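Here are my notes on the structure, set out as numbered points. Please read them with the model open.

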Amino acid sequence: MNIWAREDKPLLVLAPMAGYTDSAFREICRGFGADIVMTELISADAIYHNNKLKAISSKLKIEELINLDKTLQMMKFSKKERPIVVQLFGKYPEKFAFAAKWVAENIKPDGIDINMGCPARKVVGSDHGAALLKNHALACEIVKVVRESIKIPLSVKSRLGWESDDEILDFAPKLVEAGADALIIHGRTYRDGFRNGARWENIYKVRRYTVNSKRYTAIVGNGDVGSYQEAMERAEAGNIKLDGVAIGRKSFGNPMIFSEKLKALPRRQAGNSQQLKAVVLRHAKLVYERKSDHGIIEFRKHLLAYLKEFAGAKELRGKAVLIESFSDVESIVKQIK
Ligand SMILES: Cc1cc2nc3c(=O)[nH]c(=O)nc-3n(C[C@H](O)[C@H](O)[C@H](O)COP(=O)(O)O)c2cc1C
């Protein structure tokens, strides 16, 4: 099944976000209506060099192996998250091909994505992530070998270019040719980082190109989408229809953004206080079940984002940064008026 094929409405995708889009948050967003969720970026090199993987063919079951390894734990997901896409980053075609095949066969997600957009210094400094925007030949070689190594859909998450918005007009057709089933395009360049507004014009131009190309490649736009309504508006420009829209930061504290039912309500009312409190507790419970107290420490940033949604809960932020257990979350939620 091609998870990227748009049907009656544009796909709403939870964009991959390191430190945020873990299993619990993905499940919550799927529950509200995200059509596809993505893991944060995971190192293809780490998978390739993981000697423990060899143990799988001897004694260990896959579940046991995953529990032993931090990188593999990042790929763990529940059935409720499907369709889920695992995002890999790297720069060596052969390591990428190995990692993608191993993940497809053992972790069994619904798709693999290649990261070509991460601007973090650590990632770009070692020629990974957005650095691939500077080397189209290598980027396409990676897409080609990964395409050959897996049967499930393959997507690429890219930016408009390294420094100019027009680079994508040259790059996208090459990615299509190399075998990408979907392109998720963030409407900024590497140079922009997260500054300046996202620009969508060239995302629509890419869509126009791929409609006419021999291979059908889904085009998903991304950048600064703040509501369900806005996502639907962004998905169509004149007679051009994107296959989907990916939402990142505006899902923090507001997974209801994916809900069609709640779309017409302003953000605060979209989860009226009682309902939103229940979401916070459900989210924290999933985190606790999957990662125990360590997960609750990671949940602090989600809790801070949720608190922004409650009028008058500002003073609780000081407590939110200190939570260490599920009962700490319960205690804060009780204090919300
Ligand atoms: C905290 C954070 C972590 C991110 N991590 C990733 C990542 O792991 N992989 C990736 O492709 N993009 C990553 N991104 C980029 C987002 O997927 C998305 O492209 C970007 O935030 C723009 O979309 P938005 O305006 O809806 O947030 C990250 C963004 C943020 C804010």
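1. I begin with strand E5, where eight of the eight residues are buried, so the strand is largely enclosed by the rest of the structure. The cut-off matters here: a residue counts as buried if 20 or more other C-beta atoms lie within 10 Å of its own. Please keep in mind that this is a predicted model.

2. Strand E5 has E4 as a parallel partner, with five bridges joining the two. Within this pairing, Ile114 has Val156 of E5 as its bridge partner.

3. E5 also runs parallel to E6, and here the two strands are joined by six bridges. One pair to look at is Lys157 with its bridge partner Ile184 in E6.

4. What do these strands belong to? They are part of a closed barrel of eight strands with parallel pairing, in the order E1-E2-E3-E4-E5-E6-E7-E10. On average, neighbouring strands of this sheet are turned by 30° against each other, direction ignored.

5. Elsewhere in the barrel, strand E1 (residues 11-14) runs parallel to strand E2 (residues 36-43), and two bridges join them. Leu14 is found opposite Val37 in E2.

6. Two helices deserve a comment. Helix H6 (residues 93-107) lies across strands E3 (84-89) and E4 (111-116), and runs at about 155° to E3. Helix H9 (residues 167-178) packs on the sheet, where it touches strand E5 (154-161) and strand E6 (182-189). The direction of H9 makes about 165° with that of E5.

7. Which residues are closest to the ligand? They are Ala15, Met17, Leu41, Gly248 and Arg249, out of 22 residues that surround the ligand. By type, the shell around the ligand holds nine nonpolar, eight polar and five charged residues. A figure of this site should label the closest residues, including Met17 and Arg249.

8. The protein chain is divided into two parts, domain 1 (11-265) and domain 2 (273-335). Their centres, taken over C-alpha atoms, are separated by 28 Å. Domain 1 gives nine residues to the contact and domain 2 gives 11 residues. On the domain 1 side that touches domain 2, five residues are nonpolar, three are polar and one is charged.

Conventions: Residues are numbered from 1 along each chain as its sequence is written. This is a predicted model: local features need pLDDT of at least 70, side-chain atom pairs count only at pLDDT 80 or more; totals for chains, interfaces and linings use all residues. Two strands pair if DSSP finds at least two bridges between them. Helices (H or I, at least four residues) and strands (E, at least two) are DSSP runs, numbered from the N terminus. Axes are lines fitted to C-alpha atoms, for helices over the stretch in contact, and angles run from 0 to 180 degrees between N-to-C directions. Two residues are in contact if their C-beta atoms, placed from the backbone, lie within 7 Å. A residue is near a molecule or strand if its C-beta atom, placed from the backbone, lies within 6 Å of it. Ala, Val, Leu, Ile, Met, Phe, Trp, Tyr, Cys and Pro count as nonpolar, Asp, Glu, Lys and Arg as charged, and the others, Gly among them, as polar. Domain bounds come from an automatic or database domain assignment. A residue is buried if 20 or more other C-beta atoms lie within 10 Å of its own, exposed if 12 or fewer, and partly exposed in between; C-beta atoms are placed from the backbone.
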